[in-house]
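Student: I'd like to go through some labels and ask what stands behind each one. Can we take them in turn?

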Amino acid sequence: MLFDLEADPFELNDLADDPACASVLLRFRQRMDAHIRQTVDLGFFLPPTRREGILYDRVRSEPYPLETLWAVAGKAGRATSADLPVLLAALADLHPDIRFWGCVGMAQAALAGIQTEAPVDLLALVDDPDPYVAAEAAYAAICLGETERGLHRLFHPAREEDRKIGYSLVEVLAMDPQRRDCLRTYVPQLWEEAGSLPRVRNEDAGLMARGILVDLGEMDIRDMYGPEAYESGLKLNRGRRPMVPLPR
């Protein structure tokens with residue numbers, strides 16, 4: 001995204017696709033790419049990788065292909081037809097973090113209309129042992145026409161504790177007017193899980209199911225958190241003085 005903060009301080013008009021701003025966007029991207037490498041930015045690793053000891057020590061002691069990770073992640077968010085060979089190669093990489101960004105790139109390529117069929121390597125990743133890779137591959141597969149295969153993976157994770165990972169991509173689909181209708185057959189399952197799964201914290205799967213139902217127009221947003229959360233909010237805020245002056 002690119003915004004003119006002087007003319008558009010609330011960042012409402014994205015200029016990233018404006019040809020008149022192409023040189024500015026390219027300059028900012030080049031500066032960002034250079035900064036990532038200068039600071040040895042490790043923000044592109046998945047949570048499972050981060051839990052395997054101290055990440056900074058690992059990437060210095062092991063021959064990890066950081067440059068490949070940075071290159072694939074950089075291309076994933078702005079995929080062009082020239083980037084497809086790199087993204088396709090990433091799908092077969094030994095490292096799950098690189099596979100993940102390859103899947104992100106495939107989804108972006110699908111949305112941009114430069115990739116129209118799901119590669120074999122992408123479909124294989126729908127069953128990847130890493131839940132983040134599997135969920136992102138499922139989303140990319142849906143964007144590339146493999147709707148049922150992708151949805152089945154997002155709604156039926158290998159482990160119940162990974163359900164919220166898939167549901168984060170279901171939320172993306174629910175907010176997409178062109179794709180949300182593919183979720184209608186799963187509405188009964190969402191209603192069941194909205195009532196049976198934990199729904200107190202924002203990352204709880206039950207609350208995520210409720211948010212998806214709200215996005216689909218199946219649940220009133222006032223019912224999203226339920227009476228327990230409402231009462232908890234009253235207790236938290238009871239006794240607080242009014243904000244004066246009120247924010248505008």
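What follows is a short chat about burial, cysteines and a cavity in this predicted model.

Student: Why is cysteine 21 called buried?

Tutor: Buried means under 20% relative accessible area. Cysteine 21 comes in at 17%, so it counts as buried.

Student: And what makes cysteine 103 buried?

Tutor: Its relative accessible area is 0%, which is under the 20% cut-off, so cysteine 103 is buried too.

Student: How do you know that cysteine 103 has no bond to cysteine 143?

Tutor: A disulfide needs two cysteine sulfur atoms within 2.5 Å. The closest cysteine sulfur to that of cysteine 103 sits in cysteine 143, 11 Å away, so the pair is too far apart for a bond. By this rule, the count for the structure is 0 disulfides.

Student: What makes helix α12 "mostly covered"?

Tutor: Helix α12 spans residues 205-215, and 10 of its 11 residues are buried. Among them are Leu207, Met208, Arg210 and Ile212. After α12 comes glycine 217, with a positive phi near 75°.

Student: Why is the space lined by Phe45 and Tyr64, among others, called a cavity?

Tutor: The term is for points where a 1.4 Å probe fits but cannot get out, so an open set would not qualify. The structure holds 1 cavity of 30 Å³ or more, and the largest has about 40 Å³ of space. Its lining also includes Thr49, Arg58 and Glu62, and divides into 4 nonpolar, 1 polar and 2 charged residues. Helix α3 (residues 55-61) gives the largest share of that lining, 3 residues.

Technical notes
Residues numbered from 1 in each chain as written. Predicted model: local features only at pLDDT ≥ 70, side-chain atom pairs only at ≥ 80, totals over all residues. Heavy atoms only, no water. 1 Å grid on protein atoms, 1.4 Å probe; cavity = no way out; pocket = protein on both sides within 12 Å on 5 of 7 lines; lining within 4 Å. Points joined across faces, edges and corners; volume = space filled by probe spheres on them. Helix = DSSP H or I, 4+ residues; strand = E, 2+ residues; numbered from the N terminus. Nonpolar A, V, L, I, M, F, W, Y, C, P; charged D, E, K, R; others polar. Buried < 20%, exposed > 50% of the residue type's maximum accessible area, 1.4 Å probe, protein only.
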